[in-house]
Amino acid sequence: MFRVPLEISRYQPAHPYDRKYDEYFEKRTSGKWKNNSQRLSIESYITMIQQGKCPCCTEALKINQNWCLSLKKKASLGGEYKLDNIDVVHDKCYGQWQTQRASQVKPATPIKGGLQRA
Ligand SMILES: [Zn+2]
């Protein structure tokens, strides 16, 4: 018999692809990952990729502190909860990071002088 996974059925009411739910799902997923096997991946991600620091305040970030995932590409834009699409910040930095990140995103620059036909 086909069994609907509990995770999916629980997620359905809140329209995960709506922008206003990005924060809700990021915090919710953070809470889940703190208590499942992803915790180990996050721990090594913080250590290896983020050099043990929070990218927002640049202070030390430890796995046993309150942290929160922030998707680089938001779920509402098609981003996924994968290690190459996340930043791990202090829970208290989450709000600030959303603003800070947005200001850091550079618009795509056109290639100068390239692609000219010979
Ligand atoms: Zn921080």
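Helices here are DSSP runs of H or I with at least four residues and strands are E runs of at least two, both numbered from the N terminus. Residue numbers start at 1 along each chain, following the sequence as written. The model is predicted, so local features need pLDDT of at least 70 and side-chain atom pairs count only at pLDDT 80 or more, while totals for chains, interfaces and linings use all residues.

**Figure 1. The whole chain, with its four helices and two strands.** Reading from the N terminus, the elements go α-α-α-β-β-α. Buried residues account for 19% of the 118 residues; a residue is buried with 20 or more other C-beta atoms within 10 Å of its own, exposed with 12 or fewer, and partly exposed in between, the C-beta atoms being placed from the backbone. Contacts are pairs of residues whose C-beta atoms, placed from the backbone, lie within 7 Å. Take the contacts between residues at least 6 apart in sequence, and 55% of them join residues at least 24 apart.

**Figure 2. Confidence along the model.** The average pLDDT (the predictor's confidence in each residue, from 0 to 100) is 85, and 75% of the residues score at least 70. Confidence bottoms out in helix α1 (residues 6–11), with a mean of 52, and peaks in β2, at 98. Where pLDDT is low, the predicted coordinates should not be read in detail.

**Figure 3. The β1–β2 pair, running antiparallel.** Strands count as paired if DSSP finds at least two bridges between them, and here five bridges join β1 to β2. At one of these bridges Trp67 partners His90 of β2; at another, Leu71 partners Ile86 of β2. β1 (67–71) has five of its five residues buried, and for β2 (86–90) five of five are buried too. Look along β1 and you see Trp67, Leu69 and Leu71 pointing one way, with Cys68 and Ser70 pointing the other way.

**Figure 4. Inside the largest nonpolar core, a set of 16 residues.** A core of this kind is a set of buried Ala, Val, Leu, Ile, Met, Phe, Trp, Tyr and Cys residues joined through C-beta atoms within 7 Å. Val88, Val89 and Cys93 have the most contacts inside the core. Two or more residues come from each of β1, β2 and α4 (94–104), and β1 gives the most, with four. In soluble globular proteins, nonpolar side chains tend to be buried together.

**Figure 5. Val89 and the residues it touches.** Leaving out residues up to four places away in sequence, Val89 touches Cys54, Pro55 and Cys56, then Trp67, Cys68 and Ser70, and finally Tyr94 and Trp97.

**Figure 6. Helix α2 and its buried side.** α2 covers residues 22–33, twelve in number, and reaches 16 Å from its first C-alpha to its last. That is close to the expected 16 Å, the expected span being 1.5 Å times one less than the number of residues. Which residues of α2 are buried? They are Phe25, Glu26 and Ser30. These three lie on the same side of α2 because they cover an arc of only 140° around the axis, taken from the directions from the helix axis to the C-beta atoms. The buried residues of α2 pack against β1.

**Figure 7. Two glutamines of helix α4, Gln96 and Gln98.** Gln96 is partly exposed because 13 other C-beta atoms lie within 10 Å. Gln96 and Cys56 are 40 residues apart in sequence, yet their C-alpha atoms are 7.5 Å apart in space. Gln98 also counts as partly exposed, because it has 16 C-beta neighbours inside 10 Å. For Gln98 and Ser70, the separation is 28 residues in sequence and 7.9 Å in space, C-alpha to C-alpha.

**Figure 8. Positive phi in the loop between α3 and β1, at Gln51 and Thr58.** Gln51 is not a glycine, but its phi is positive, near 50°. Thr58, also not a glycine, has a positive phi of about 60°. Is Gln51 buried or exposed? Gln51 is exposed, because 11 other C-beta atoms lie within 10 Å. Thr58 is exposed as well, with 11 other C-beta atoms within 10 Å.

Methods:
Contact = placed C-beta atoms within 7 Å.
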